[in-house]
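Visitor: Could you take me through how to read the features of a model like this one, giving the general idea before the particular case?

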Amino acid sequence: ALAATRPGRLLAYRNAEAGHPGGPAWDDDEHEVRRWCRLLHAYGLPADPADLALRRPPAAGVPAGATVLHPGSKVPAKRWPAGRFAALARTLAARGHRVVLTGSADERELAARVATAAGLPPAAVLAGRTGLAELAALVADARLVVSGDTGVAHLATGYGTASVVLFGPVPPAHWGPPPDRPRHRVLGVPHPERDCAAPGGVGSHPTLAAIGVDEVLAAVDEAERAVRVSGAIAA
């Protein structure tokens with residue numbers, strides 16, 4: 001597809017079948033950040049895999065300090081069960097969190113179902129009501145993000161927002177936040193033998209289904225504790 005645009009120069013991994021015999025070799029067992037930084041390095045371009053910070057977006061009329069729960073994913077196997085998201089939302093709201101639910105327009109029904117089961121008002125359902133800029137601003141100013149392995153989790157890493165990311169079937173070693181940043185907690189690390197494409201059926205992957213609400217709440221406490229510690233150090 002890239003070659004079809006007839007670029008003056010194509011920077012890519014080696015792929016003779018695609019007519020690109022040059023370039024570095026592809027490595028399946030590599031984190032995505034390091035993969036693409038390594039490609040740039042191979043062509044003499046600077047890239048720092050530790051530099052994940054995104055420029056904070058302008059205010060976009062979304063609530064600041066909210067706790068963002070993102071129950072959806074375009075891959076059904078990457079979704080933590082909706083009933084557990086509802087239980088999590090109910091507990092966090094009782095603790096004083098302002099919980100909102102995000103997602104695409106196609107996921108609005110899922111988010112509404114979670115909100116209803118959690119006893120949250122309809123206004124808490126932001127799924128299908130935010131564009132990309134609004135979603136980015138929401139995450140950047142959030143208190144906390146809890147989601148599966150999806151774009152919202154990567155935004156939380158980029159903005160330094162405390163997060164708990166639920167993984168399965170793909171391991172965090174390929175897509176997760178840096179392990180040395182304690183405000184980003186990872187759960188559901190798959191067994192290597194189950195690190196494969198999502199199964200074709202419906203429902204959560206077994207790795208995700210094994211994660212309990214109490215385990216997520218403990219990870220929330222750890223992420224928020226890390227934020228407080230870093231704030232005290234900065235002060």
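Visitor: How many bridges join β3 to β4?
Guide: Strands of a sheet pair through backbone hydrogen bonds, either parallel or antiparallel. Two strands are taken to pair if DSSP finds at least two bridges between them, and helices (H or I, at least four residues) and strands (E, at least two) are DSSP runs, numbered from the N terminus. Here β3 and β4 run parallel and are joined by 4 bridges, with V146 having V164 in β4 as its bridge partner. Between these strands the chain passes through helix α5 (residues 151–159), in a β-α-β crossover that is right-handed; that term applies if, with the strands pointing away from the viewer, the path from the first strand over the helix to the second runs clockwise. This is a predicted model, in which local features need pLDDT of at least 70 and side-chain atom pairs count only at pLDDT 80 or more, while totals for chains, interfaces and linings use all residues. Residues are numbered from 1 along each chain as its sequence is written, and side-chain values use heavy atoms, with hydrogens and water left out.

Visitor: In what order do the strands form the sheet?
Guide: The open sheet has 5 strands in the order β2-β1-β3-β4-β5, with parallel pairing. Its edge strands, each pairing on one side only, are β2 (99–101) and β5. From one strand to the next the twist averages 15°, where axes are lines fitted to C-alpha atoms, for helices over the stretch in contact, and angles run from 0 to 180 degrees between N-to-C directions. Helix α2 packs on this sheet, touching β1 (67–70), β2 and β3, and its direction makes about 175° with that of β1.

Visitor: Are the residues on the two faces of β4 buried or exposed?
Guide: Buried means under 20% relative accessible area, exposed over 50%, and partly exposed in between (1.4 Å probe, protein chains only). In β4, S163 and V165 on one side and V164 and L166 on the other are all buried. S163 also has H184 in β5 as its bridge partner.

Visitor: What covers the buried residues of α8?
Guide: Contact means heavy atoms within 4.5 Å. The buried residues of α8 include V213, V216 and L217, and the cover over its buried residues includes α2 (82–94), β3 (144–148), β4 (163–166) and β5 (184–187).

Visitor: Where is R6 found?
Guide: R6 lies in the segment before α1 (32–42), and although R6 is not a glycine, its phi is positive, at about 55°. R6 counts as exposed because its relative accessibility is 76%.
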